Amino acid sequence: MKQVSEPASGASRPVATQVVADSARPLRVALLGNPNCGKTALFNLLTGSRQKVANYAGVTVERKEGRFELPGGRTVALLDLPGAYSLNALSADEEITRDIVTGRRAGEPLPDLLVVVVDATKLRLNLRLVLEAQRLRVPMVVALNMTDMAERLGIRVDAERLSAELGVPVVPTVAVRGDGARGLVQALQAHQPPLIGRTPEPAAAPPGIADVMLTQREVQRLLADCVQMPARPLARDDSVDRVLLHPFWGLVVLALVLLLMFQAVFSWAAWPMDAIQAGIDALAGAVRNHMAEGPLRSLLADGIIAGVGAVLVFLPQILILFLFILALEDSGYLPRAAFLLDRVMGRVGLSGRSFIPLLSSFACAVPGIMATRTITHWRDRLVTIMIAPLMTCSARLPVYALLIAAFIPARKIGLFNLQGLVLLALYVAGILAALGLAWAYRLTGGQVRVTPLIMELPTYRWPNPRELAFGLWERARIFLRRVGGIILAVMVLLWFLSSYPAAPQGATGAPIQYSYAGQLGRLIEPVLAPIGFNWQIAISLVPGMAAREVAVSALGTVYALSGAESDVADKLQPVLAHSWSLATALALLAWFVFAPQCVSTLVAVRRETNGWRYPLIMVVQLFGLAWVAAFITYRIALALGAG
Ligand SMILES: Nc1nc2c(ncn2[C@@H]2O[C@H](COP(=O)(O)OP(=O)(O)OP(=O)(O)O)[C@@H](O)[C@H]2O)c(=O)[nH]1
Ligand SMILES: [Mg+2]
């Protein structure tokens, strides 16, 4: 990925060097456009980056920069920006866009050129922003994107005529096709503006109703002159929406989609998981057979292979989950689900606007928390941030999957697999907990405003197989990088803390009990004993704060080091099933529904709320809830005889 950060503008440099530097500096180009018109797809195509592209409004919420070269050798520094309906920003992400294209952002020079991206199938809406951008007096090129869709729908746009009317170049593009930006590159090559380091125009007053009417009339005129609409508009989306947005059938379809997703996570992943497990077993066996007993063998077998291997096995399940998430994101279904759930969410004081940030949190709470920038109202945004970590992130999947595989029989119940149902129940528990917490905030937050949900419904599209494959590859890379990076590092550290100091002479228990980690585990144990956790669990929860999957790795290592038999590493499931009661396992699952979040989540919350207050509240709140939930689960399970 060619991400580079913009150097701060050199205000204090001597003038002579500034001129030289400026003539050699890259051309600064910013992508401006309505949400979901294909800016990021175009950005990726031009710069070779892999920023997130999805079929709903509000995917990009921060500025991203990438570079590429024009045929003449000139470097372009391209900025991808959050989508905006107008330059009168309503939400935090639109503000970023407004400030950058008007030169109001500190340390960010005004772009030399704007590429205003428009969706050719939605010109009535998109042209307004073009007219607004023209008033900024920055040179611009219009990219008429989605021309493939327009053609399919029978919409004919006369680009030359539009260009003549607007007085700026208008080039057709197809951002999802390999050569879809060739015309745009040629236009940039031909229309390089002089690099004069523009100064921003003074901020204009927000447009009055008269301005809006004027713009609207101008759009009408342009449409009449340059665009030919099909005689009979296609109504495919409408008929699909009659079912998918139906207050009853819509919910039934949503429930079925989710059910299928969790079934698939368990039933499709079995054989690739077995294959990975076999590989790890073979490796662990080889290390044990070919290396002399000693610290190095223990580090490799008990620390690295047992720990990292325990997490690696879950790659197939994570990829299946993402296959569904990516396909849903690309289909255009997600904002519809937001509408369906708007009423339910309204009951607890949330709006449908929170749906997409919350859904993104299923992948990871960090992008979910950033996606709340699209929520205009601060209090709504804050509540969404506070409940986002309750959505089950993909790092929790290995923990759930391990415990489910160890304790829940793989029985069929009708069409369904019991393990898949339990997994679904855990996700639902997270969602219900989040709704409950939002409701509690509503009770303490005073009056509730009723804000109607206004969101653009994107056109339905079949997910593009190439994009899906790329997306999965990206997820696999992220996961493997975590495994090879933070997880490996924490595991080596944990192995050290669990192996030293060595057991004293004549000790009777497993050596790990005398180690630093063992002592720490014993220290925490009294707090966790009432909820059924032993010291091995206590040890693994601490490194789990760095990355949640580490809890699984840590159990792998802790049991490998504390067990008498040395092949614990590759058989963690049966060891757990043997040494824990069902009540303990259920309590640990309940703990992880609330799972005190990882450090990166807290850092993201700090950044979005500008201080440590909310991250601190979050830690206390989630630890408290996790403890109470585990306690209740443990006691009920014991009472029902699951001890
Ligand atoms: N068929 C077709 N689909 C496109 C084209 N350009 C983008 N898309 C799809 O349109 C959707 C939106 O693309 P993005 O690049 O995420 O849009 P964006 O303008 O960055 O959206 P925000 O970040 O939300 O403002 C994705 O599903 C893309 O795959 C195009 O030229 N043709
Ligand atoms: Mg985008």
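Start with strand 2, residues 64-69, in this predicted model. Show its side chains: they alternate. Lys 64, Gly 66 and Phe 68 point to one face, and these residues are buried. Glu 65, Arg 67 and Glu 69 point to the other face and are not buried.

Next, add strand 3, residues 75-80. Strand 3 runs antiparallel to strand 2, and six bridges join the pair. Pick out Gly 66 again, on the buried face of strand 2. Its bridge partner in strand 3 is Leu 78.

Now move to the turn of this hairpin. Five residues lie between the two strands. Select Gly 73 and check its backbone: phi is positive, near 100 degrees.

Then select ligand 1 and its surroundings. The shell holds 25 residues. Label the closest ones: Gly 38, Thr 40, Thr 60, Gly 83 and Ala 175. Colour the shell by class and you get 13 nonpolar, nine polar and three charged residues.

Which helices each supply at least two residues of that shell? Select helix 2 (39-47) and helix 5 (147-153). Helix 2 gives the largest share, three residues.

Zoom out to the domains of the protein chain. Colour 15-228 as domain 1, and 253-446 plus 473-639 as domain 2. Their centres, taken over C-alpha atoms, are 42 Å apart. Where the two domains touch, domain 1 contributes eleven residues and domain 2 contributes 14. Finish on the domain 1 side of this contact: five nonpolar, three polar and three charged residues.

Conventions:
Residues are numbered from 1 along each chain as its sequence is written. Chains are lettered from A and ligands numbered from 1 in the order in which they are written. This is a predicted model: local features need pLDDT of at least 70, side-chain atom pairs count only at pLDDT 80 or more; totals for chains, interfaces and linings use all residues. A residue is near a molecule or strand if its C-beta atom, placed from the backbone, lies within 6 Å of it. Helices (H or I, at least four residues) and strands (E, at least two) are DSSP runs, numbered from the N terminus. Ala, Val, Leu, Ile, Met, Phe, Trp, Tyr, Cys and Pro count as nonpolar, Asp, Glu, Lys and Arg as charged, and the others, Gly among them, as polar. Domain bounds come from an automatic or database domain assignment. Two residues are in contact if their C-beta atoms, placed from the backbone, lie within 7 Å. A residue is buried if 20 or more other C-beta atoms lie within 10 Å of its own, exposed if 12 or fewer, and partly exposed in between; C-beta atoms are placed from the backbone. Two strands pair if DSSP finds at least two bridges between them.
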